[in-house]
Amino acid sequence: MEKLIITGPTPLKGEVKISGAKNAAVAILPATLLIDGICTIDNLPNISDVKISCNILESLGAKITRNNENSITIDTTNISSTFAPLDMTSKFRASYYLIGSLLSRCKHAQVGMPGGCKLGARPIDQHIKGFEALGATVDISSGKITASADDLIGTSIYMDIVSVGATINVMLASVLAKGTTIIENAAKEPHIVDVANFLNTMGADIRGAGTDVIKINGVEKLPGNSTYSVVPDQIEAGTFMLACVASRGDLLIKKCISKHLEPVTAKIVEMGANVEDIDGENIHVWCDARPTNVNIKTLPYPGFPTDLQPQMGVVLSTANGTSIINESIWESRFQYTAELNKMGAKITAQGKSAFFEGVEKLSAAPVYATDLRAGAALIIAGIIAEGQTEVYNLEHIDRGYENIEEKFRKLGAKIERVEE
Ligand code: UD1
């Protein structure tokens, strides 16, 4: 078993380059199944969710050439299987995008139940509602989701809940459907726009991604033969911004999109720290004094992202005064607070809310990542805590952050990965 040993406290200083977005990459890879040809994807993050996505695509008949650590060329001319087994799909949430893609391309998909972070109930009723509206039959039994259709016919679909996954999945299923599909009450996250941009680059006809109405005019095929670069990861960028504030550091965050970071920038400024948007793609963050308390409510984009809630929780655990976080997306996203309390934080989590009574400092302890973003939060906690923190369950962190300890080490953090 591997663990991270972090010796703190260290104010983070220097420059960090942001990788491609995990949540975009894990949707774009299954989306390649819609292409009757070849495409190249650049700026792919080198993370385990991407590796497993590539393994699944290969098992379905795709041919993948690895150009370098962050670029692959995929030939999806021949798809020989529409079955993705549970041992692969259960490793991550985004495996459910195989359903929309395979259904659209092959009119059939059999996919093991998706896994992913344990954040509470993660229903997929809105995905199914969308597939059925397009004319598919969906069956869930024996740990598998089976979807099939004679024909997929475009229609109007109103999402009962703003869901990132359902919006992307229904968009994928509609790309090769007959006629026009309209998704109303769609999610607006940057990676939804990125998946639509990728598909349009490959030959799809999708309008309105990034607004709450997306219109997909079905096309006969996607010829591909193009190169696409994955959007920068706003959650990774936000993680470094919050790590900077938590550690009272000074960072230049390079190759991100400042517009995507407005909800976190606004809160950092409200806490009394500084954010300078240099040119829309590089952000300077610095913090000279103890941040003041703020209240946070997580919301779909452009609200404060739930995927930055645990990292913000670390900042608030040592802020001046008491802060409240209201988590409105996931019911079990405060598991990290028990770990932070082992480090001297004073957090009371009750249902959807957590109360952070700011303490002067955290102190080292052995802690366990309960999910991906909780893992990132514990690394930040280790960097600001006094003493030697050990972080366990690194497999969660490796799913979504490329070279995380190397990136933090370059910023001055004393962090080592060791085998127990
Ligand atoms: C995606 C992200 C995840 C992020 C989340 C919210 C990926 C791979 N994962 O997850 O990192 O935390 O968005 O920004 O991109 N819901 C339903 N029925 C459905 C679908 C969702 O009730 O059919 C509910 C969920 O329980 C949750 C809310 O809608 O409360 C949002 O979920 P959703 O946006 O679908 O999250 P994911 O796409 O799974």
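**Exercise 1. Determine whether cysteine 54 is buried or exposed, and explain why cysteine 54 forms no disulfide.**

Solution. Step 1: cysteine 54 has a relative accessible area of 3%, so this residue is buried. The structure is a predicted model. Step 2: the closest cysteine sulfur belongs to cysteine 39 and is 11 Å from the sulfur of cysteine 54. Step 3: a disulfide requires two cysteine sulfur atoms within 2.5 Å, so 11 Å is too far for a bond.

**Exercise 2. Repeat the reasoning for cysteine 244, then state how many disulfides the structure holds.**

Solution. Step 1: cysteine 244 is buried, with a relative accessible area of 0%. Step 2: its closest cysteine sulfur, in cysteine 287, lies 7.0 Å away, which is too far for a bond. Step 3: the count for the structure is 0 disulfides.

**Exercise 3. Describe the shell around the ligand by its residue classes and its origin in the chain.**

Solution. Step 1: 19 residues surround the ligand, and Ser163, Val164, Gly165, Asp307 and Ile329 come nearest. Step 2: the shell comprises 8 nonpolar, 7 polar and 4 charged residues. Step 3: domain 1 (2–19 + 232–419) and domain 2 (22–229) each give at least three residues to the shell. Step 4: helix H5 (125–133) and helix H6 (164–174) each supply at least two, and H5 has the largest share, with 3 residues.

**Exercise 4. Find which atoms of aspartate 125 and glutamine 126 lie 2.8 Å from the ligand, and how much of the ligand the protein buries.**

Solution. Step 1: in aspartate 125, a side-chain N or O atom is 2.8 Å from a ligand nitrogen. Step 2: in glutamine 126, a polar backbone atom is 2.8 Å from a ligand oxygen. Step 3: the ligand alone exposes 730 Å², of which the protein buries 88%.

How values were computed:
Residues are numbered from 1 along each chain as its sequence is written. This is a predicted model: local features need pLDDT of at least 70, side-chain atom pairs count only at pLDDT 80 or more; totals for chains, interfaces and linings use all residues. Side-chain values use heavy atoms; hydrogens and water are left out. A residue is near a molecule or strand if one of its heavy atoms lies within 4 Å of it. A polar contact is a pair of N or O atoms within 3.5 Å; within protein, one must be able to donate a hydrogen and the other to accept it, and residues adjacent in sequence count only if both atoms are side-chain atoms. Accessible areas come from the Shrake-Rupley method with a 1.4 Å probe; for residues, only the protein chains shown count as cover. Helices (H or I, at least four residues) and strands (E, at least two) are DSSP runs, numbered from the N terminus. Ala, Val, Leu, Ile, Met, Phe, Trp, Tyr, Cys and Pro count as nonpolar, Asp, Glu, Lys and Arg as charged, and the others, Gly among them, as polar. Domain bounds come from an automatic or database domain assignment. Buried means under 20% relative accessible area, exposed over 50%, partly exposed in between (1.4 Å probe, protein chains only).
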